[in-house]
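User: I would like a close reading of a single part of this predicted model. Please treat it as one connected account.

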Amino acid sequence: IYNVDPSAPKESTNILCDKCGKPTVKPSTVLFGSRLPREFFDLSDRDLPAADLLIVAGTSLVVSPANSVVERVGADCPRLIVNKDPVGKDLGIRYGKAATH
């Protein structure tokens, strides 16, 4: 995983609030380089194709399994990407007016 994206940190650290200095990401959030819980793999084959909406937040969509999730929901399932920069264009994610069909 590491050294694939030159802008990625060498190791994951908490994201601190600019005002209070406390971590803003919940402890149950999976940080870069960490494993997803086993439950993700156990339930994703069943749950992703049935999703009404997919929300993907804070990922470059470069590494698996995050980059595969956007393709595992139904073709008509809207995908909401919450990220600092546009990501996933190579996966077919469209932004702006091109994002609507």
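What kind of unit do E1, H2 and E2 make?

Analyst: In this predicted model, E1, H2 and E2 form a β-α-β unit that is right-handed. The strands are the natural place to begin. E1 and E2, the latter covering residues 79–82, run parallel and are joined by four bridges. Within this pairing, Ile-55 stands opposite Leu-80 of E2.

The side chains of E1 come next. In a regular strand, side chains alternate between the two faces of the sheet. E1 shows such an alternation: Leu-54 and Val-56 are buried and point to one face, whereas Ile-55 and Ala-57 point to the other and are not buried. Leu-54 and Val-56 both belong to the largest nonpolar core, which has 11 residues. Besides these two, the core comprises Leu-48, Leu-61, Val-69, Val-70, Val-73, Cys-77, Ile-81, Val-87 and Ile-93. E1 and H2 each contribute at least two residues to this core.

Ile-81, a member of the core, deserves separate mention. When its neighbours within four places in sequence are set aside, Ile-81 is in contact with Val-56, Leu-61, Val-87, Ile-93 and Tyr-95.

The connection that leaves E1 also takes part. Leu-61 lies in the loop between strand E1 (54–57) and helix H2 (66–72). Its relative accessible area is 3%, under the 20% limit, so Leu-61 counts as buried. The backbone of Leu-61 has a phi near 55°, a positive value in a residue other than glycine. Leu-61 thus brings together a loop position, membership of the core and contact with Ile-81.

Pro-65 leads to another part of the chain. The C-alpha atoms of Pro-65 and Arg-35 are separated by 9.8 Å, with the two residues 30 apart along the chain. Arg-35 is located in the segment before helix H1 (38–47). In contrast to the buried Leu-61, Arg-35 is exposed, at 79% relative accessibility.

Aromatic pairing remains to be described. A search of the whole structure returns one aromatic pair. The pair consists of Phe-40 and Phe-41, whose ring centres are 5.1 Å apart and whose planes meet at 90°, so the arrangement is edge-to-face. Both rings belong to residues that are partly exposed: Phe-40 has a relative accessibility of 22%, and Phe-41 has one of 35%.

Definitions and conventions: Residues are numbered from 1 along each chain as its sequence is written. This is a predicted model: local features need pLDDT of at least 70, side-chain atom pairs count only at pLDDT 80 or more; totals for chains, interfaces and linings use all residues. Side-chain values use heavy atoms; hydrogens and water are left out. Rings of Phe, Tyr and Trp (its six-membered ring) pair if their centres lie within 6.5 Å; planes under 30 degrees apart count as stacked, over 60 as edge-to-face and the rest as tilted. Buried means under 20% relative accessible area, exposed over 50%, partly exposed in between (1.4 Å probe, protein chains only). A nonpolar core is a set of buried Ala, Val, Leu, Ile, Met, Phe, Trp, Tyr and Cys residues joined through side-chain atoms within 4.5 Å. Contact means heavy atoms within 4.5 Å. Two strands pair if DSSP finds at least two bridges between them. A crossover is right-handed if, with the strands pointing away from the viewer, the path from the first strand over the helix to the second runs clockwise.
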